[in-house]
Amino acid sequence: MKLTNYFKYFLENEVNLNSTRIDTLDDRTEAITNFLKNSQQFKDNFLDVIPQGSYAHKTIIKPVKATDEYDADVLLHIEEFEDWNACDYVNNLYKAFKGSIYEDKASRKTRCVTIKYANDFHLDIVPYLERHGAKYVTNRHKDLFELTDPERFTEWLDDKNRITKHHFVKVVRLIKFLRDYKRTFSVKSIILSTLLGQQVNDVALLEDPKCYEDVPTALYTILRKLSSYVESNYYMPTISDPGDTGENFGDRWDQDGWLVFRSKIIDYSEKVCDAYEETDQDKSLSKWQKVFGEDFKKPDEKRNSERRMSDGSIVNYADTEQHLSDLGVNEQINSSFFVQILGRVTKKAGFMDFKLASRGSRVKVGRSLSFSIKTNVPWPYEVYWKTLNRGQEAIRHNSIRGQIVKGEDSHSETTNFRGNHYVEVYILKNGVCIAKDRQSVTIV
């Protein structure tokens, strides 16, 4: 059985990084941004600090062991220093931190400077620049500029998330939890996300329009495809960077590690299929627990419908969001039609404009957003938009939103309140919704 509510409860209470730690991470990143933006060494070449990796992809998970720490990566986006060699970027970044309040927290690795916050997490800061029309990180040991495009990789993952009705990132978190909880295989998160993402495509929706309709179904679909893929590849395949840099992520792994991963993915896929296809609820729960442990359990329904704010107050969102059914509109999503929201942060003095998808849909307070749509639905049609504001600041300012309003092919918003929000668009033909899309907006 799906046990969809069990998965929601399990993710929120056992897997997802808790909101207070996310707020702390965002605050630390903002402090680092301000430090670098105003530093004597980097201020003239500073462009931005950009979350990357699991931080940008929203796939960071809570450490399985309370004593474990998690890590996050950010890119220090700067203009090239004409008189610097590749090795100078990390070395000079390290010097900047060592001569500051971060002195006792800073260390350096091959491509980054690490700031360690005791007993919680560490932040890796990676110099990132454009030269000769391409994007690079720097390797201080080899004194090399290394081709990269993490923003394009983030866009690729965002596309996978859209295809799966925004369940893909939750599937990635679940498999990362499985990796860390079982400790029976080891794989770098970027490789795991790539392998899982390679199993997602629109063709699956043509074969079965409901194959990604909820988290357990998306997990079932993606893991089965990954199991089939690894089973057909005894030898580790080329794992190409979706950012089209030409890098083979497999160079960061080895054949022995691949074979262990291959064996365990086949095994866990069989267990997930068994649990998903089991028709008896108690037996299904027992089988899911063999995969995820005993903390995968029946949700506390009251707790599941509420959110506790950092000040201890509890807010119930049950009555704050409007749905198409409230307007008497039926949904008949047709796989032949699509609509995609193209979100962009508009230019502001001292800041760059950028595509939301390239930054993991993260944007700072005080920016303006523009949304347009791409669709193959033939005209005429009607467009409706919904902006959902949630979070402590929205509550404090009495600005929780979730109303559906009729609009045009474009839509504008401003980022007033920190929190996890989203914008949805609905395409109606003859009064029926035949296509819709969602753009997450995380305001920090």
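**Figure 1. Pro127 and its neighbours.** Leaving aside residues up to four places away in sequence, Pro127 touches Leu76, Tyr89, Val90, Leu93, Arg111, Cys112, Tyr136, Val137 and Thr138. As in every view here, what you see comes from a predicted model. Pro127 is part of strand β5, which covers residues 121-131. With a relative accessible area of 1%, Pro127 is buried, because the cut-off for that word is under 20%. For a sense of distance, look across to Glu270: its C-alpha atom lies 42 Å from that of Pro127, and the two residues are 143 apart in sequence.

**Figure 2. Helix α4, a mostly covered helix.** Here we turn to α4, made up of residues 86-98, where 10 of the 13 residues are buried. The buried residues of α4 are Ala86, Cys87, Tyr89, Val90, Asn91, Asn92, Leu93, Tyr94, Ala96 and Phe97. You have already met some of these names: Tyr89, Val90 and Leu93 are among the residues that Pro127 touches.

**Figure 3. The largest nonpolar core and another one apart from it.** The largest nonpolar core holds 54 residues, and those with the most contacts inside it are Leu174, Tyr212, Leu219, Phe261, Trp288, Phe292 and Phe296. Two or more residues each are supplied by α1 (4-15), α5 (150-163), α6 (168-182), α7 (189-197), α8 (202-207), α9 (215-231), α10 (255-277) and α11 (281-292). Helix α10 gives the largest share, 9 residues. Apart from this core lies another, of 31 residues, including Phe81, Val90, Leu93 and Leu129.

**Figure 4. Helix α1 alongside helix α11.** The axes of these two helices, α1 and α11, come within 12 Å and cross at roughly 30 degrees. Angles under 35 degrees count as roughly parallel, so that is the word for α1 and α11. The crossing of α1 past α11 is right-handed. On the α1 side, the contact is made by Tyr6, Phe7 and Phe10, and on the α11 side by Gln281, Leu285, Trp288 and Phe292. Trp288 and Phe292 may look familiar, as both are listed among the residues with the most contacts inside the largest nonpolar core.

**Figure 5. Helix α6 across helix α11.** Now follow α11 to another partner: α6 packs with α11 at an angle of about 70 degrees, and their axes are 9 Å apart. This angle makes α6 roughly perpendicular to α11. From α6, the residues Leu174, Phe177, Leu178, Tyr181 and Lys182 meet Lys290, Val291 and Phe292 of α11. Phe292 therefore takes part in this meeting as well as in the contact between α1 and α11.

**Figure 6. Three unusual spots in the backbone.** Most residues other than glycine have a negative phi, and most peptide bonds are trans. Against that background, three loops are worth a look. Trp379 and Pro380 are joined by a cis peptide bond, with omega at about 10 degrees. Pro380 sits in the loop that runs between β14 (368-375) and β15 (382-388). Lys58, although not a glycine, has a positive phi of about 65 degrees; Lys58 belongs to the loop between α3 (53-57) and β2 (70-78). Its relative accessible area of 23% makes Lys58 partly exposed. Asp244 is not a glycine either, yet has a positive phi of about 60 degrees. The loop between α9 and α10 is home to Asp244, and at 53% relative accessibility this residue counts as exposed.

**Figure 7. Thr387 and its polar partner.** Strand β15 contains Thr387. Thr387 is buried, at a relative accessible area of 8%. The side chains of Thr387 and Glu413 make a polar contact of 2.8 Å.

**Figure 8. Glu331 and the residues around it.** Glu331 belongs to strand β10, residues 330-331. At 41% relative accessibility, Glu331 is partly exposed. Not counting residues up to four places away in sequence, Glu331 touches Leu324, Cys433 and Lys436. With Lys436 there is also a polar contact, 3.1 Å from side chain to side chain. Leu428 is 97 residues from Glu331 along the chain, and the C-alpha atoms of the two are separated by 8.9 Å.

Terms used
Residues numbered from 1 in each chain as written. Predicted model: local features only at pLDDT ≥ 70, side-chain atom pairs only at ≥ 80, totals over all residues. Heavy atoms only, no water. Helix = DSSP H or I, 4+ residues; strand = E, 2+ residues; numbered from the N terminus. Buried < 20%, exposed > 50% of the residue type's maximum accessible area, 1.4 Å probe, protein only. Contact = heavy atoms within 4.5 Å. Polar contact = N/O pair within 3.5 Å; in protein donor to acceptor, adjacent residues only side chain to side chain. Core = buried A, V, L, I, M, F, W, Y, C linked by side-chain atoms within 4.5 Å. Axes fitted to C-alpha atoms, helices over the stretch in contact; angles between N-to-C directions. Parallel < 35°, antiparallel > 145°, perpendicular 65-115°, else oblique. Left-handed = near helix turned anticlockwise from the far one by under 90°.
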